[in-house]
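Student: I have this model open beside its sequence, and I would like a close look at one part of it. Could you take me to the pocket and then through the residues that sit around that part of the fold?

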Amino acid sequence: MRGLYVLLLSLMTAAITPARTPHKPATKLAAQPLILEKADGEKRVRRPIEGSKPAASVFFLKIDPKNGGSKHLVMGLEQMAPGGVIPMHKHLEQDEILFIQNGTAHVTLGSREQDVHGGATVFIPQGTWISVKNTGSESIGMVFVFSAPGYENYMRCTSVPFGQPVRPMTLKERDRCMAPGEVMYK
C-alpha cells in the first residue's frame, strides 16, 4: 500500500510541475542589475567558415541568461569590418532590433533592400530573412537586442572566447549550431 501511495504522490507531483519550454534556456542565476562599460561583457571571436575570406569578427554578449541572468532578452555589441557580411538568416523564435551606430551598410530585410547609415534602426520580426553587409570604408558598430534568449547559443557555438585560437569551421559544424540557436541560414 505504501508503494502505491508513493507512486500516486509522484504522479500527482509530475502532473502539477510545469514542463520547461524547450526553447527557453534554464538558468539558476537570478537576474542581476548590471552597469557595463564598453569593454565589459563576454568578449568572443566568430570562427570563419572554411575557405571564406572575411576576417573573424569580435562581439560582446552583454546581457543574456549567462551574463546578468536575464530570462527575457539578449543584448550585445559587434564591430563589422569593411566588406564584412552577416549572411542571410532568420530567427525562428525571437524578434531582433539592430542599431547601426556608425558607417554605411546594405540591409536586406525580407524582400526589401536599403542602404542605411549610422543611427539607423532595423526591426527584424521573428521569421523574417535578414542580411547585412558593411559597404563603407570603416568598421561599423552594431547593437543587437533579441526579445528572448536562444540565438546567443548559436553565437557561442560558432565562436571562441577572445584570446583563444580561432580555427575555421566547416558548414556542417555551423549547421549543427542552428537548432540550439533557433536560427536558419541559407
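Tutor: The protein chain holds three helices and twelve strands. Please keep in mind that this is a predicted model. Of the 186 residues in the chain, 37% are buried. Among the contacts with a separation of 6 or more, 70% are between residues 24 or more positions apart.

Now to the pocket you asked about. The largest pocket has about 740 Å³ of space, and 37 residues line it. Arg-46, Ser-57, Val-85, Ile-86 and Pro-87 are the lining residues that lie nearest its centre. Two or more lining residues come from each of strand 3 (74-80), strand 4 (85-91), strand 5 (96-100), strand 9 (130-134), strand 10 (140-146) and helix 2 (151-157). Strand 4 gives the most, with five residues. Sorted by class, the lining has 23 nonpolar residues, alongside nine polar and five charged ones.

Let's stay with strand 4 for a moment, where you will find His-91. His-91 counts as buried because its relative accessibility is 2%, under the 20% that sets the limit. The His-91 side chain makes a polar contact of 3.1 Å with the side chain of Glu-96. Leaving out residues up to four places away in sequence, His-91 touches Glu-96, Gln-126, Gly-127, Phe-146, Tyr-151, Glu-182 and Val-183.

Three names in that list are worth following. Take Glu-182 to begin with: it is placed in the loop between helix 3 and strand 12. Glu-182 is buried, at a relative accessible area of 7%. Its backbone deserves a look as well, since Glu-182 has a positive phi, near 50 degrees, although the residue is not glycine. As background, most residues other than glycine have a negative phi.

The other two names, Phe-146 and Tyr-151, bring us to the aromatic rings. Four aromatic pairs turn up in a search of the whole structure. One of the pairs is Tyr-154 with Tyr-185: the ring centres are 5.1 Å apart and the planes meet at 25 degrees, so the pair counts as stacked. Tyr-154 belongs to helix 2 and Tyr-185 to strand 12 (residues 183-185), so this pair ties together parts that are 31 residues apart in sequence. Both partners are buried: Tyr-154 has a relative accessible area of 5%, and Tyr-185 has a relative accessibility of 9%. Ring pairs also link a wider group into a cluster, made of Phe-144, Phe-146, Tyr-151, Tyr-154 and Tyr-185. Phe-146 and Tyr-151 thus appear both in this cluster and among the residues that His-91 touches.

From the stacked pair you can step to Arg-174, which is found in helix 3 (residues 171-178). Apart from residues up to four places away in sequence, Arg-174 touches Ile-49, Tyr-154, Thr-158, Met-169, Tyr-185 and Lys-186, a list that includes both tyrosines of the stacked pair. Arg-174 is a charged residue, yet it is buried, with a relative accessible area of 11%. Its side chain has a polar contact of 2.8 Å with the side chain of Asp-175. Arg-174 also meets a distant part of the chain: Ile-49 is 125 residues away along the sequence, while the two C-alpha atoms are separated by 8.0 Å.

Two loops on either side of strand 3 complete the tour. In the loop between strand 2 (58-63) and strand 3 is Asn-67. Asn-67 counts as buried, at 18% relative accessibility, a value that falls under the 20% limit. A polar contact of 2.9 Å joins its side chain to that of Glu-42. Beyond its neighbours within four places in sequence, Asn-67 is in contact with Leu-34, Glu-42, Leu-61, Lys-62 and Arg-156.

In the loop between strand 3 and strand 4 lies Pro-82. This residue is partly exposed, with 41% relative accessibility. Residues up to four places away aside, Pro-82 touches Asn-134, Gly-136, Ser-137, Glu-138 and Ser-139. The C-alpha atoms of Pro-82 and Thr-135 lie 6.4 Å apart in space, although these residues are 53 apart in sequence.

Key
Residues are numbered from 1 along each chain as its sequence is written. This is a predicted model: local features need pLDDT of at least 70, side-chain atom pairs count only at pLDDT 80 or more; totals for chains, interfaces and linings use all residues. Side-chain values use heavy atoms; hydrogens and water are left out. On a 1 Å grid over the protein atoms alone, a cavity is a set of points where a 1.4 Å probe fits but cannot get out, and a pocket is an open set with protein on both sides within 12 Å along at least five of seven lines; lining residues have an atom within 4 Å of a point. Grid points are joined across faces, edges and corners, and a volume is the space filled by probe spheres set on the points. Helices (H or I, at least four residues) and strands (E, at least two) are DSSP runs, numbered from the N terminus. Buried means under 20% relative accessible area, exposed over 50%, partly exposed in between (1.4 Å probe, protein chains only). A polar contact is a pair of N or O atoms within 3.5 Å; within protein, one must be able to donate a hydrogen and the other to accept it, and residues adjacent in sequence count only if both atoms are side-chain atoms. Contact means heavy atoms within 4.5 Å. Rings of Phe, Tyr and Trp (its six-membered ring) pair if their centres lie within 6.5 Å; planes under 30 degrees apart count as stacked, over 60 as edge-to-face and the rest as tilted.
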